[in-house]
Amino acid sequence: MVPTWRLRAAFARRLSGMYGTEVPAYTTLLEVAGQVNDEVAGRDPDAERLGSIARVTAERHGAIRVGTEEELRQAAQIFAALGMSPVGFYDLRDGETGAVPVVSTAFRPTGTEELDRNPFRVFTSLLTTSDRRFFDAGLESRLDAFLARRRLFPPELLQLAEQAEELAGLPEPDAERFLTLAVAAFELSPEPVDRAWYAELERISAVAADIGGVAATHINHLTPRVLDIDALYRRMGERGITMIDRIQGPPRWDGPDVLLRQTSFRALAEPRRFREPDGSISGGSLRVRFGEVEARGIALTRAGRARYDELMAETDRQMAHHPDADRQETARALWQRTFPRTEHQLATARQAFFTYHPVTGRPRDGRRPPADLAGLLDGGWLTAQPIVYEDFLPRSAAGIFRSNLTGEGTRDAALTGTPFDAHRLSEAMGRPVLDPFTLYAAQQDHSLRQALFTVGAGAALRALDTGEETLTTTERNGP
């Protein structure tokens, strides 16, 4: 048997090889990311604080786009075979600029051990064809009809995926067949693109055209993880590869890295075949795929995330008043003044997630462990290890999408958008969309309880049980 995690690791490797063949600049991105990671690991003793170099090197997140709820359900089955669950709901439709008519979730492993083995993720977007801000009734009908005629995933692949989920793996011959079919399902199709149909959708949204204007889905980008994204951004430019205007997410600053910073090279012109209105086939190109890269930090609690959102909004306000200012410098100044400067402050202020561990060999001084987290950390009873942020930021994802669009598209803000939430996405897939805050909180809570029991902190355990000193209640139940 090939177990689930080995299927996932093999799929990620093969997908990376395939995508590097299709988009050669991606290979350059991997090369530069590897150089930067090696340099950071060589000079920084804390380089592995947010994951081993082996994990960071293997880490990828892919992105695909599907057109119907049925296609999404089938994609979910394939990822379930790889031990990946839908986590988080992202609505990218309401950005200030650009037309991005999709809602998204991310398929990823959820267990700590599975993430350590291979933290592969696939950010998966669903076209919202019924959203009247983008598509009128006539176009919705024609678009739905086009999508209904195509088949993204062959029945054999879906059958093997069901078997792999049920058995937590596959016998070797079946595993090989599954991997071959799964990678092929995400290759760029050689089928000619209907030029007039694609152009009609592209006038509304380049993202809509990339989903509903072609015969098959494909990997839109495949993202490596880098330990110094600012250095990578500079070096890619030095290699002659055009990057988007800026790095999305938190600014670079002197405090802890949190959440997610990401950037990409601009979508490249790729040769494609087109079917003309008279039925003839001609050559051309499309710019829809780009090379994203990311740097991951510490997962924030709801309170920490609210603070992050406030700082991003304040950065927007200041930039509106001073449009010539440097956005990174403006954001950095705000963070330096108002965001927790150390991991200790993040932990005691309940603004980030950590796993807690008992201090072994602590001198016996006759004191009893205190009942509060700050006292346990300050007194040398516990240590805190940051939990890596495994998910995505809607604003940053939309920013990456918009930075690579060929045009602004159209959106009628006077109309009401189609309601869409995690519950509706769950119903479409027949699988629950998991809440990332709940996952982080459960990991933190489990480690804290074990650590408190080990050091004999009965008072802190009782306080945790009664909610007087809880780190996770608000994360489980919402704000």
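Leaving aside neighbours within four places in sequence, which residues is Arg-431 in contact with? Before selecting them, please keep in mind that the model on screen is predicted.

Begin with the whole chain in a cartoon view, where the secondary structure comes to 20 helices and 14 strands. If you turn the chain along its principal axes, the C-alpha atoms fill a box of roughly 90 × 60 × 45 Å. The radius of gyration is 24 Å, which agrees with the value near 23 Å that a compact globule of 479 residues would have.

Next, switch to a surface view, for which the accessible surface comes to about 20400 Å², with 50% of that belonging to carbon and sulfur atoms. Beneath it, buried residues make up 54% of the 479 residues in the chain. If you then colour the charged side chains, you will be looking at 58 positive and 68 negative charges, whose mean positions are 2 Å apart.

Now select helix H17 (422–429) and helix H18 (436–455), and follow the loop between them, in which Arg-431 is found. Arg-431 counts as buried, because its relative accessible area is 18% and the cut-off for that class is under 20%.

Finally, show the side chain of Arg-431 and select the residues that answer the opening question: Ala-76, Gln-77, Ala-80, Pro-86, Glu-165 and Ser-426 are in contact with Arg-431, once its neighbours within four places in sequence are left aside. To set this site against the chain as a whole, note that, among contacts between residues at least 6 apart in sequence, 75% join residues at least 24 apart.

Terms used:
Residues are numbered from 1 along each chain as its sequence is written. This is a predicted model: local features need pLDDT of at least 70, side-chain atom pairs count only at pLDDT 80 or more; totals for chains, interfaces and linings use all residues. Side-chain values use heavy atoms; hydrogens and water are left out. Helices (H or I, at least four residues) and strands (E, at least two) are DSSP runs, numbered from the N terminus. Buried means under 20% relative accessible area, exposed over 50%, partly exposed in between (1.4 Å probe, protein chains only). Contact means heavy atoms within 4.5 Å. The radius of gyration is taken over C-alpha atoms; the globule rule is 2.2 Å times the number of residues to the power 0.38. Accessible areas come from the Shrake-Rupley method with a 1.4 Å probe; for residues, only the protein chains shown count as cover. Lys and Arg count as positive and Asp and Glu as negative; His and the chain ends are not counted. The place of a charge is taken as NZ of Lys, CZ of Arg, CG of Asp or CD of Glu.
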